[in-house]
Amino acid sequence: MTNPFDLSGKVAIVTGANTGIGQAIALALAEAGADIAAVGRTPAQETVDKARALGRRAEIVSADLSTIEPVQRIVDETVDKLGGLGILVNNAGIIRRADAVDFTEEDWDAVVDTNLKSVFFLCQAAGRHMIARHEKEGGGGKIINIASMLTFQGGIRVPSYTASKSGIGGLTKLLANEWASKGVNVNAIAPGYIATNNTAALQADEVRNKSILDRIPAGRWGDASDLGGAAVFLASRAADYVQGHILAVDGGWLAR
Ligand code: NAP
């Protein structure tokens, strides 16, 4: 029997692939057989080198996702350099922290533009390619959006982040509704508290750090590599009938 999680011959775009969760997901997909387009504003050289060391093809695609200007080019460059596109992981994201009463328009727009607007338009560009390919030769595609615990909860001092990640939940379901019959699976992964740059401020805050750890049934912060298995699953044919799902990988946080 062939391995249902095998990604050999697939090409995956991973945004924000130079560090943290994006790098871990890119390398997990590469380990499962996928070739990698490592997209971001900081060149993901280490990720590309490690994917190549695993025997995969891997290319850097430079793009700043604070606007939607690069989205079509990302798809075109990936197809040109790697010969196709079957998997998109929308991972690039930012966070800004301030009390709601003081929150600025700049902090609102920066986060919502990167975390939600660019995600939608990159889904659109990739989705058009995947749907056209499905109609022509079968195969379709898999899209994985990176959500958050704040897709389900309110959070505190992060209004634009909560709005963007709650939006990712709705967008993932909308796209699944439209594209499930067109060969494209759209799902999301909601990481719990993962030790990366994104959460450095929380990890450094003794009081918040303790209250977070006290609530995680697993008793530890997640590591970026904890997300790899969920990404491989959702990118693989094992998930062909999984649509519009938001898969929490959170050490049990939401179960509390
Ligand atoms: P991270 O280490 O800060 O990584 C964020 C990635 O996004 C970096 O590669 C960053 O590139 C990229 N990025 C940010 N703005 C960009 C832009 N304008 N254009 C292109 N790339 C951009 O954080 P992380 O924790 O791995 O976060 C990855 C994703 O997981 C985010 O969507 C985040 O919201 C989500 N998430 C994280 C956690 C957690 O606990 N860590 C929990 C839930 C969800 P640069 O290096 O160039 O800045």
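## A tour from W221 to helix α8

Begin by selecting W221, which counts as buried because its relative accessibility is 12%, below the 20% under which a residue is called buried. Keep in mind throughout that this is a predicted model.

Next, add Y193 to the selection, since Y193 and W221 form an aromatic pair that is edge-to-face, with 5.8 Å from centre to centre and 85 degrees between the planes. This pair links distant parts of the chain, for Y193 sits in the loop between β6 and α6 (200-204), while W221 sits in the loop between α7 (206-215) and α8, 28 residues apart. Y193 is likewise buried, with a relative accessible area of 18%. If you now also show W253, you will have one aromatic cluster on screen, formed by Y193, W221 and W253.

The structure holds three aromatic pairs, and another of them is formed by F120 and F121, which meet edge-to-face at 4.8 Å centre to centre with 80 degrees between the planes. Are these two rings buried or exposed? F120 is partly exposed, with a relative accessible area of 25%, and F121, at 26% relative accessibility, also counts as partly exposed.

From here, select helix α3 (residues 71-82) together with α4, and look at how their axes come within 8 Å and cross at roughly 40 degrees. The two helices are therefore oblique to each other, and their crossing is right-handed. To see what makes the contact, colour V71, Q72, I74, V75 and V79 of α3, and on the other side S118, F121, L122, A125, A126 and H129 of α4. By class, this contact has eight nonpolar, three polar and no charged residues.

Now centre the view on A126, which is found in helix α4 (residues 105-137) and is buried, with a relative accessible area of 0%. Which residues does A126 touch, leaving aside its neighbours within four places in sequence? The contacts of A126 are with V75, L85 and L88. For a distance to draw in the viewer, take the C-alpha atoms of A126 and N145, which are separated by 13 Å although the two residues are 19 apart along the chain.

Finish at helix α8 (residues 228-235), which is mostly covered, six of its eight residues being buried. Select G228, A230, A231, V232, L234 and A235 to display these buried residues, and then show the elements against which they pack, namely α1 (20-31), β4 (87-90), β5 (141-146), β6 (184-191) and β7 (246-249).

Methods. Residues numbered from 1 in each chain as written. Predicted model: local features only at pLDDT ≥ 70, side-chain atom pairs only at ≥ 80, totals over all residues. Heavy atoms only, no water. Buried < 20%, exposed > 50% of the residue type's maximum accessible area, 1.4 Å probe, protein only. Helix = DSSP H or I, 4+ residues; strand = E, 2+ residues; numbered from the N terminus. Contact = heavy atoms within 4.5 Å. Axes fitted to C-alpha atoms, helices over the stretch in contact; angles between N-to-C directions. Parallel < 35°, antiparallel > 145°, perpendicular 65-115°, else oblique. Left-handed = near helix turned anticlockwise from the far one by under 90°. Nonpolar A, V, L, I, M, F, W, Y, C, P; charged D, E, K, R; others polar. Phe/Tyr/Trp six-rings, centres within 6.5 Å; stacked < 30°, edge-to-face > 60°.
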